[in-house]
Amino acid sequence: MEWFEDEGLWRELYPYVFPAERVAAAEGQVTQIVALTGVASGAVLDLCCGPGRHAVEFARRGFSVTGVDRSGFLLERARESAEAADVAVEWVRDDMREFARPGAFDLACNLFTSFGYFAREEDNLRVLRNVGESLRDGGTFVMDMVGRERMERQGMEPRETRFADGAVLAQQPHVNADWTRLENEWTVVKGGRSRGYRFEHYLYSGPGLEERLLKSGFASVRLYGDLGGSPYGPEARRLVAVARKAHGRPSGRPAS
Ligand SMILES: C[S@@+](CC[C@H](N)C(=O)[O-])C[C@H]1O[C@@H](n2cnc3c(N)ncnc32)[C@H](O)[C@@H]1O
């Protein structure tokens, strides 16, 4: 089983991956995405929506929203959140390698490092092609992830976070020799018990991500250092890409 297929991992790490402050931050992030893309209405795809923190916020603003995720546990949290906010969202349990709905969306999002999970790069490219296919002509795709440049600057220092429930989370990142993949070891110590988890995904540089988006058929790509639109450079906190699908060309026979 791949790490991301482990429902136990999402269930057990839920309080530490999605603490209340992180859920609350989604409101401001959606404001930033709307400002960054200029897409203020229409149909949105939240690909790898998790507990639906962005999907629910988009729905609150009147977007028509589809949230896709492969975790039944996280989709259940998303459903509860939509119900509490009294908004309608279409939740789809599917794998990002499979989900495609031709021409259906004005905006697609893949947020909080939800990309590059597959060891075969061809599978990751397939996800980008699926998103391109699912956008209408001229549609926009926003990706937000940790970038390689940031990890190079930050180094592989371990990090510890203490949570309100008394748990301590220790994070130890590692990279492979050519810096293409990041492996994160997490240890949660709570009530005298300790449990380990492991995640692994590709670590893209800004130009590397841009190249993959263009190769997958997007017409243009802009890179930023966060969702607020700061420049992508050595000091960037995040790697954010805004990719546009080409406007359709008029079809039919040329005039004779
Ligand atoms: C780091 S979480 C981000 C969740 C959400 N985007 C957010 O910002 O809160 C990554 C998400 O990707 C989902 N995921 C992992 N592998 C997937 C796959 N193959 N297909 C669809 N979703 C997947 C996980 O279930 C999880 O919800």
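Student: How many residues does helix 4 have, and how far does helix 4 reach from its first C-alpha to its last?

Tutor: Helix 4 covers residues 72–85, which is 14 residues, and reaches 20 Å. That is close to the 20 Å expected at 1.5 Å a residue, where the expected span is 1.5 Å times one less than the number of residues. Helices here are DSSP runs of H or I with at least four residues, strands are runs of E with at least two, and both are numbered from the N terminus. Please note that this is a predicted model: local features need pLDDT of at least 70, side-chain atom pairs count only at pLDDT 80 or more, and totals for chains, interfaces and linings use all residues. Residues are numbered from 1 along each chain as its sequence is written.

Student: Which residues of helix 4 are buried?

Tutor: Leu74, Leu75, Arg77, Ala78 and Ala82 are buried. A residue is buried if 20 or more other C-beta atoms, placed from the backbone, lie within 10 Å of its own, exposed if 12 or fewer do, and partly exposed in between. The buried residues of helix 4 lie on the same side because they cover an arc of only 155° around the axis; the arc is that of the directions from the helix axis to the C-beta atoms.

Student: What is on the other side of helix 4?

Tutor: Gly72, Glu76, Glu83 and Ala84 are exposed there.

Student: And what do the buried residues pack against?

Tutor: They pack against helix 1 (7–17), helix 3 (53–60), strand 2 (64–69) and strand 3 (90–93). Contact here requires C-beta atoms, placed from the backbone, within 7 Å.

Student: What comes just after helix 4?

Tutor: Asp86 does, with a positive phi of about 60°.

Student: Changing topic, is Glu133 in helix 5 buried, exposed or partly exposed?

Tutor: Glu133 counts as partly exposed because it has 15 C-beta neighbours inside 10 Å. Glu133 touches Ala100 and Pro102, leaving aside residues up to four places away in sequence. The C-alpha atoms of Glu133 and Ala104 are 8.6 Å apart, although 29 residues separate the two along the chain.

Student: Which residues come nearest the ligand?

Tutor: Of the 17 residues around the ligand, Phe4, Cys48, Gly50, Ser71 and Phe112 come nearest. A residue is near if its C-beta atom, placed from the backbone, lies within 6 Å of the molecule.

Student: Finally, how many helices and strands does the protein chain have?

Tutor: The protein chain has seven helices and 11 strands. Buried residues make up 35% of its 256 residues.

Notes:
Two residues are in contact if their C-beta atoms, placed from the backbone, lie within 7 Å.
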